[in-house]
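This briefing goes through one protein model by topic, beginning with a pair of packed helices and ending with a single residue at the surface. Please keep the sequence and the structure in view while reading.

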Amino acid sequence: MAIRPHQNGAKGQRKLPHTTVQGFLNWGLPRSCNQFLWRQPGEFPISAFLLGAGTGGLLAIGLFQLLVNPMNIYEDQKMVTLYSLVGLGVVGWGTSPHIRCASLLLIPKMLGKEGRLFVLGYALAAIYEGPVANLRHNLNEVIASLGCTVELQINSTRTAWRVSTAPLRAVLKDLLSSKESLKAETQNITNSFEELDAQVNSESGFSPKDAEGSETAPGEEAPAASAFRHHLSTQKMYELKTKLRCSHVVNEAMFSCRRWFDQKHGVCMQRIWVPLLNHLLCLPMKFKFFCSIAKVMEVWCRSRIPVEGNFGQTYDSLNQSIHGLEGEFSATINLKEERRAGVLGLNTSWKHVSTEVRDYVRRQEAQLERTLGLLHALLSCTFLLVLHACFSYMDSYNGDIRFDNIYISTYFCQIDERRKKLGKQTLLPLRKAEKKTVIFPWDPTIQAAEMRNVLRELVETLPVLLLLLLLCGLDWALYSIFDTVRHHSFVQYSFRSSHKLEVKVGGDSMLARLLRNTIGALNTSSEMVVDSNNMPCLPQPVPLSTRAYLKAALPSGLLTCLCLLQAFGYRLRRVIAAFYFPKREKKRILFLYNDLLRKRAAFTQLRRATIVRRARQQRAPRRHLVDILHRRCPLLRPWLRRRCVVCQAPETPESYVCPTPNCEAVYCRSCWNDMRQRCPVCTPREELSSSAYSDSNDDATYAE
């Protein structure tokens with residue numbers, strides 16, 4: 001039943017175009033152009049070379065502008081690449097139809113997986129320049145806001161500390177500035193105290209002999225009395241000195257009295273020169289014992305000494321204070337700042353931490369930009385992968401007759417029409433099960449053979465779309481949070497401080513002046529008002545505009561559209577290859593037609609295993625939940641109904657159910673006719689058609 005190429009009976013009969021492209025070109029172009037396009041190998045060599053070389057050079061220049069020129073490389077390298085591409089384009093298009101075919105295959109390949117890889121780079125770049133860049137800006141604003149807030153709190157605390165310690169610092173500064181006046185006052189006090197000190201320590205007014213006589217008890221020696229005197233307190237010593245002075249005065253009075261009697265006795269003896277008479281008359285001048293009457297004053301003086309009981313203690317305290325004032329007056333202020341690490345192992349300021357975080361963010365941004373630049377460079381090189389895929393498709397097209405041989409082309413329809421006129425078995429219209437394995441090029445819908453590949457490509461595109469939605473949603477959520485924080489986190493700081501301290505010291509004495517110079521420094525007053533707010537520290541989030549959203553979503557949308565257009569773009573691959581290799585296309589179509597004829601003859605046996613498996617699945621008892629949903633939910637019944645075991649079409653009233661017990665396989669009317677009204681499930685295998693059939697692994701498949 002093999003089909004052979006049709007030979008025209010009349011030699012001059014014009015052949016019908018075997019492809020739609022050939023028919024369109026024959027209709028739209030002059031006869032000479034058609035002869036040039038459909039020339040045999042070796043015809044019009046010079047014209048073919050010149051026209052191909054010019055076209056190849058222009059295409060090479062366009063390819064350079066599209067892919068190589070945007071790359072970040074040196075100009076010399078770009079020029080070398082340009083000359084290389086133009087040379088290859090001129091030579092390839094001028095001499096080889098394989099090069100021309102592979103070059104034109106770039107168009108459908110750019111609509112396929114390789115083109116989506118190129119668009120993927122632009123989609124990632126648009127995502128980075130849109131929501132990622134806006135996220136980065138808003139996060140940097142938050143980091144700057146945190147650093148500014150911490151710095152504002154530190155400045156407010158520093159200001160409050162300075163205001164609270166201002167009076168103490170003012171007092172200390174006043175004391176330091178009045179150092180010289182304090183020294184002058186203390187010097188005056190010291191000079192005034194020297195008179196009292198000299199008087200207390202003076203030993204005038206008595207003789208050592210009187211001191212030894214007064215302290216020496218009967219039977220004691222003078223050195224013991226002198227040693228005992230050095231261990232007396234100031235009070236006892238001053239009392240002793242007062243007693244000695246009193247005794248000294250009494251003794252001096254007695255000595256003066258006696259000298260007076262001696263002097264008067266001498267004068268009397270000179271005036272009275274009569275012997276014996278002068279001794280008698282001058283005898284009263286010898287009564288020196290009357291001078292001892294002064295001893296009575298000594299007893300009175302010792303019993304009534306004019307010295308207070310606490311004089312010695314007061315003198316000692318005053319003496320110590322006076323000597324303390326003689327030291328140099330000095331004061332220093334030492335402030336020690338202790339910093340504690342906010343994080344374990346980290347002892348840096350908040351400002352330094354903020355700088356570190358910003359530097360880290362900038363480094364990450366630079367690294368991401370370098371990565372994107374490298375990605376752009378790699379994606380610009382995807383034309384090499386596209387070229388490789390084009391040559392690979394062309395080689396498989398010419399080498400494997402089953403490769404991508406699933407299209408019901410114009411020549412296929414012509415063969416079927418010719419067989420119909422001859423009364424032979426035809427294939428068109430195809431059965432439902434056969435339609436799932438082939439592609440009708442002019443069908444504007446995505447067909448079953450293409451749907452699996454399209455769904456897989458859509459699933460591969462899904463992560464990019466999810467990434468875009470996630471980043472856009474995250475950017476909008478963070479902007480909403482930061483904007484809420486900005487509108488509801490305004491804080492105004494108001495610090496007010498005032499104090500007045502006044503100490504009054506009256507009097508004009510030396511001590512009053514000293515107290516006024518010391519305690520008077522406490523007389524300070526201050527008033528401070530500090531008002532501030534955190535408005536400069538609030539974050540300034542920026543929303544992503546509608547234009548930015550569209551710019552970020554457009555490449556991703558284009559990526560999704562390419563997944564849907566891939567099925568129609570891949571149909572062009574066969575059209576281009578058939579244009580350059582028409583004889584190969586005729587052989588492929590003939591093989592496809594013969595293969596479908598052979599499979600239809602053995603259709604029942606080829607599909608029997610699948611039909612039996614589906615029938616067993618139908619016979620399996622449905623779950624109780626499925627029955628409930630089938631009865632209660634009319635909208636779900638189209639998905640819960642049984643299906644044809646051949647084409648999987650939903651069960652309809654016209655469907656045929658096998659009456660054999662324990663079979664009950666469901667067939668749509670057309671499939672039941674295709675089965676020649678015999679159920680493959682309950683019919684023995686040997687009773688089915690014994691026509692030859694092929695292994696399903698040798699079937700033609702859809703080329704990706």
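In this predicted model, helix H3, which spans residues 45-68, packs against helix H4, residues 75-95, at an angle of about 150 degrees, and their axes lie 7 Å apart. The crossing in which H3 passes H4 is right-handed.

**The H3-H4 contact**

- On the side of H3 the contact is made by Ala48, Phe49, Gly52, Ala53, Thr55, Gly56, Gly57, Leu59, Ala60, Ile61, Phe64 and Val68, while H4 contributes Lys78, Thr81, Leu82, Leu85, Val86, Gly89, Val90, Trp93, Gly94 and Thr95.
- Sorted by character, the residues of this contact between H3 and H4 comprise 13 nonpolar, eight polar and one charged.

**The protein as a whole**

- The secondary structure consists of 26 helices and four strands, and 31% of the 704 residues of the protein count as buried.
- When contacts between residues at least 6 apart in sequence are considered, 78% of them join residues that are at least 24 apart.
- The protein exposes about 44,800 Å², of which 60% is supplied by carbon and sulfur atoms.

**Nonpolar cores**

- In soluble globular proteins, nonpolar side chains tend to be buried together.
- The largest nonpolar core of this model holds 19 residues, and the members that touch the most others are Val646, Ala665, Tyr667, Cys679 and Val681.
- Helix H23 (603-619) and helix H26 (669-674) each supply at least two residues of this core, and H23 gives the most to it, with three residues.
- Ala665, one of those well-connected members, is in contact with Ala615, Gln618, Val645, Tyr656, Val657, Cys658, Cys679 and Val681, once its neighbours within four places in sequence are left aside.
- A second core, separate from this one, has 15 residues, among them Ala102, Leu105, Met394 and Tyr580.

**Val296, a residue at the surface**

- Val296 belongs to helix H13, which covers residues 295-303.
- Is Val296 buried or exposed? Val296 counts as exposed because its relative accessible area is 55%, and the cut-off for that class is over 50%.
- Although Val296 and Val250 are 46 residues apart along the chain, their C-alpha atoms are separated by 8.9 Å.

Notes. Residues are numbered from 1 along each chain as its sequence is written. This is a predicted model: local features need pLDDT of at least 70, side-chain atom pairs count only at pLDDT 80 or more; totals for chains, interfaces and linings use all residues. Side-chain values use heavy atoms; hydrogens and water are left out. Axes are lines fitted to C-alpha atoms, for helices over the stretch in contact, and angles run from 0 to 180 degrees between N-to-C directions. A crossing is left-handed if the near helix is turned anticlockwise from the far one by less than a right angle, and right-handed if clockwise. Contact means heavy atoms within 4.5 Å. Ala, Val, Leu, Ile, Met, Phe, Trp, Tyr, Cys and Pro count as nonpolar, Asp, Glu, Lys and Arg as charged, and the others, Gly among them, as polar. Buried means under 20% relative accessible area, exposed over 50%, partly exposed in between (1.4 Å probe, protein chains only). Accessible areas come from the Shrake-Rupley method with a 1.4 Å probe; for residues, only the protein chains shown count as cover. A nonpolar core is a set of buried Ala, Val, Leu, Ile, Met, Phe, Trp, Tyr and Cys residues joined through side-chain atoms within 4.5 Å.
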